Amino acid sequence: MSVDSPSASTFDIEEIQKTVIRKILQSRKYQALDIPEDTIMQLWQQESSKTKNWKEAEKNVREKLHQIIAPYLGDPDYSLAEQQLLEACQNGEAAVQNWCKDMLLSHSSSKERMPHMDVFYQKLFEKIGRPQSIQDLACAMNPFAFPWMNLPKSTVYYAYDLHHPRINLINRYFEIQGLQSLAKVQDILINTPEIHTDAAFFFKEAHRFEARSKGCCRDFFRRIQTDWLVVTLPAENLTGQHGMRDRQRRLMDKAIEGSGWDMVEFEIETEMVFCIHKYG
């Protein structure tokens, strides 16, 4: 039965929606990730509005979800990682930093940044100042870069991600580092944080958000309450064979068009960094 057919009652549509969402959440591929139901609900509403065939809508939801979730599918064993963190704590700060390095190397985005991590944050903070509060949006493994940021442990560091096991590990790490445990499972596109911070990091995600919902970055950027919004994007594709600079600049120009915000751009290795001064 098509979602929009005359014979499909509101009850039928609601049941189809519940069935699809439950089936995806309980699938072997996604069950362990504990994805927020809101994420799949938003995708369903978006994709079912484009077609009268619910099976086609479900297929499109699964494709969109894979784009969102694919980076999590190669994640480390989080229980083992926590054990290793606790062992590292017994051997001092250097051992904990080596553990952080292993975590950063386990994710493609932070792995690419790892060889020049010190330079990355040094140059970034030269542009925006040293933040006392941060919101790390779609954070992935980036909170484990805290030792390379050279910020005090009084820093208020919020982190948001979709994956419960990852967030649990980040909070455990924050606790051990003497930071507040401020990491949360949250789909920031649907439920954008309402806190205000000195800086907001949005690293290598804007293009993926656009693939999820074209044009969404414009409104999303406006909802983020921060003095400095720092967006990074890859300057090249994964093989390094194709430059993406012009495309990324168009994305950013369109996202801040008409905002009146100042934007400074620089590049470190193959990562484009856009520092947007929103307030202050």
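## A polar contact at Arg 166

In this predicted model, the side chains of Arg 166 and Tyr 78 are joined by a polar contact of 3.1 Å. Arg 166 belongs to helix 9, which covers residues 164-177. The relative accessible area of Arg 166 is 1%, so this residue counts as buried.

## Cysteines without disulfides

How many disulfides does the structure hold? The number is zero. A disulfide requires two cysteine sulfur atoms within 2.5 Å, and two cysteines illustrate how this condition is not met.

For Cys 89, the closest cysteine sulfur is that of Cys 100, at 9.3 Å, which is too far for a bond. Cys 89 has a relative accessibility of 29% and is therefore classed as partly exposed.

For Cys 217, the closest cysteine sulfur lies in Cys 216, at a distance of 4.5 Å. This separation, too, is too far for a bond. Is Cys 217 buried or exposed? With 1% relative accessibility, Cys 217 counts as buried.

## The second largest pocket

Cys 217 also appears in the lining of the second largest pocket, which has a volume of about 230 Å³. The other lining residues are Glu 210, Lys 214, Gly 215, Arg 218, Arg 250, Leu 251, Lys 254, Ala 255 and Glu 257. Sorted by class, the lining comprises six charged residues, three nonpolar residues and one polar residue.

Which helices each supply at least two residues of this lining? They are helix 11, formed by residues 216-223, and helix 12, formed by residues 245-256. Helix 12 gives the most to the lining, with four residues. Cys 217 and Arg 218 are lining residues within the range of helix 11, while Arg 250, Leu 251, Lys 254 and Ala 255 line the pocket from within the range of helix 12.

## The hairpin of strands 6 and 7

Strand 6, residues 262-268, and strand 7, residues 271-277, run antiparallel and are joined by seven bridges. Across this pairing, Glu 267 stands opposite Met 272, a residue of strand 7. In a regular strand, side chains alternate between the two faces of the sheet.

The hairpin has two residues between the strands. Within this hairpin, Glu 269 adopts a positive phi near 55 degrees.

Terms used
Residues are numbered from 1 along each chain as its sequence is written. This is a predicted model: local features need pLDDT of at least 70, side-chain atom pairs count only at pLDDT 80 or more; totals for chains, interfaces and linings use all residues. Side-chain values use heavy atoms; hydrogens and water are left out. Buried means under 20% relative accessible area, exposed over 50%, partly exposed in between (1.4 Å probe, protein chains only). On a 1 Å grid over the protein atoms alone, a cavity is a set of points where a 1.4 Å probe fits but cannot get out, and a pocket is an open set with protein on both sides within 12 Å along at least five of seven lines; lining residues have an atom within 4 Å of a point. Grid points are joined across faces, edges and corners, and a volume is the space filled by probe spheres set on the points. Ala, Val, Leu, Ile, Met, Phe, Trp, Tyr, Cys and Pro count as nonpolar, Asp, Glu, Lys and Arg as charged, and the others, Gly among them, as polar. A polar contact is a pair of N or O atoms within 3.5 Å; within protein, one must be able to donate a hydrogen and the other to accept it, and residues adjacent in sequence count only if both atoms are side-chain atoms. Two strands pair if DSSP finds at least two bridges between them.
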